[in-house]
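Here is a short tour of one protein chain, written for someone who likes to check contacts and distances directly. Please keep the viewer open as you read.

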Amino acid sequence: KLTMGYQAIIDAYGVASYQEINPAIFTIITFPFLFGIMFGDIGHGTIMFLAGLYLVLKEMHFGKRIKSYEEIFTMMYHGRYIIMMNGLFAMYAGFLYNDIFSLSINIFGSAWEPNYDKMINGTGSSVINPEGMYGLDP
């Protein structure tokens with residue numbers, strides 16, 4: 001069930017020949033990871049993850065009547081594991097980006113300290129705090 005959606009994506013590009021490696025194995029991790037890097041947001045990733053999780057948990061309920069639903073819901077139902085994993089990786093990347101619903105949050109603090117005296121005198125702009133040299137910036 002988990003690999004079926006990814007295999008459909010790979011089959012759209014072409015089927016592997018005899019004695020070739022099936023790239024769907026690598027796609028299971030790299031596709032959601034690259035999606036998370038592109039879409040990194042804790043809030044939107046949570047919504048995607050919860051929507052995918054709901055479809056996974058209600059799999060038996062929706063699976064019995066899948067032919068009676070509209071095409072867009074059927075497509076979402078068949079991609080439920082992809083939606084769930086994409087949301088998980090988007091939450092992870094959003095945590096790294098300090099981003100929730102497109103708003104910056106300051107979880108880790110910043111190593112950047114503006115030096116206004118140097119900015120006014122024209123001798124420099126800002127400095128990095130040497131004690132916090134390895135901090136993360138929001």
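## Ile10 and its partners

Once residues up to four places away in sequence are set aside, Ile10 touches Asn22, Pro23, Ala24 and Thr27. This is a predicted model, and every value below is computed from it. Ile10 sits in helix 1, which covers residues 2-13. With a relative accessible area of 11%, Ile10 falls below the 20% cut-off, so it counts as buried. For a backbone distance to check, take Ile10 and Ile25: they are 15 residues apart along the chain, and their C-alpha atoms are separated by 10.0 Å.

The contact can also be read from the other side. Thr27 belongs to helix 2, and leaving aside neighbours within four places in sequence, Thr27 is in contact with Tyr6, Ile10 and Pro32. Is Thr27 buried or exposed? Thr27 has 10% relative accessibility, so it counts as buried.

## The overall layout

Stepping back, the protein has seven helices and four strands. Along the sequence they follow the pattern α-α-α-α-α-α-β-β-β-α-β.

Of the 138 residues in the protein, 29% are buried. The protein exposes about 9,700 Å², and carbon and sulfur atoms supply 67% of that area. How much of the contact set comes from residues 24 or more positions apart? Among contacts with a separation of 6 or more, such residues account for 63%.

## Ala93 against helix 2

Ala93 gives a good example of a contact between residues far apart in sequence. Ala93 lies in helix 6 and is buried, with a relative accessible area of 5%. Not counting residues up to four places away in sequence, Ala93 touches Gly36, Ile37 and Gly40. The C-alpha atoms of Ala93 and Gly36 are 5.6 Å apart in space, although 57 residues separate the two in sequence.

## A nonpolar patch on the surface

One of the residues touched by Ala93, Ile37, also belongs to a nonpolar surface patch of about 840 Å². The other members of the patch are Phe33, Leu34, Tyr92, Phe95, Leu96, Tyr97, Ile107 and Phe108. Two elements give two or more residues each: helix 2 (24-39) and helix 6 (80-97). Helix 6 gives the most, with four residues.

Phe108 lies in the loop between strand 2 (103-104) and strand 3 (112-114). Its relative accessible area is 38%, which makes Phe108 partly exposed. Why can a partly exposed residue such as Phe108 join the patch? Patch residues need over 30% relative accessible area, so Phe108, at 38%, passes that cut-off.

## One salt bridge

Side chains of opposite charge can pair when their charged atoms come close. How many salt bridges does a search of the whole structure find? The search finds one. Glu59 forms a salt bridge with Arg80, with the closest N and O atoms 3.1 Å apart. This pair links distant parts of the chain: Glu59 is in helix 4 (residues 59-64) and Arg80 is in helix 6, 21 residues apart.

Both partners are buried, Glu59 at 11% relative accessibility and Arg80 with a relative accessible area of 4%. Arg80 has an aromatic partner as well: Arg80 lies over the face of Tyr77, at 4.3 Å from the ring centre.

## Aromatic pairs

The same kind of whole-structure search finds seven aromatic pairs. In the pair made by Phe62 and Phe73, the ring centres are 5.1 Å apart and the planes are at 65 degrees, so the pair is edge-to-face. This pair, too, links distant parts of the chain, with Phe62 in helix 4 and Phe73 in helix 5 (residues 71-78), eleven residues apart.

The two rings belong to residues with unlike burial classes: Phe62 counts as buried at 9% relative accessibility, whereas Phe73 is partly exposed, with a relative accessible area of 22%. Which residues form one aromatic cluster? Tyr54, Phe62, Tyr69 and Phe73 make it up.

Definitions and conventions
Residues are numbered from 1 along each chain as its sequence is written. This is a predicted model: local features need pLDDT of at least 70, side-chain atom pairs count only at pLDDT 80 or more; totals for chains, interfaces and linings use all residues. Side-chain values use heavy atoms; hydrogens and water are left out. Patches are made of residues with over 30% relative accessible area and no salt bridge: like charges are joined within 9 Å, nonpolar side chains (Val, Leu, Ile, Met, Phe, Trp, Tyr) within 5 Å. Accessible areas come from the Shrake-Rupley method with a 1.4 Å probe; for residues, only the protein chains shown count as cover. A salt bridge is a side-chain nitrogen of Lys or Arg within 4 Å of a carboxyl oxygen of Asp or Glu. Buried means under 20% relative accessible area, exposed over 50%, partly exposed in between (1.4 Å probe, protein chains only). Contact means heavy atoms within 4.5 Å. Rings of Phe, Tyr and Trp (its six-membered ring) pair if their centres lie within 6.5 Å; planes under 30 degrees apart count as stacked, over 60 as edge-to-face and the rest as tilted. A charge sits over a ring if NZ of Lys or CZ of Arg is within 6 Å of the ring centre and within 35 degrees of the ring normal.
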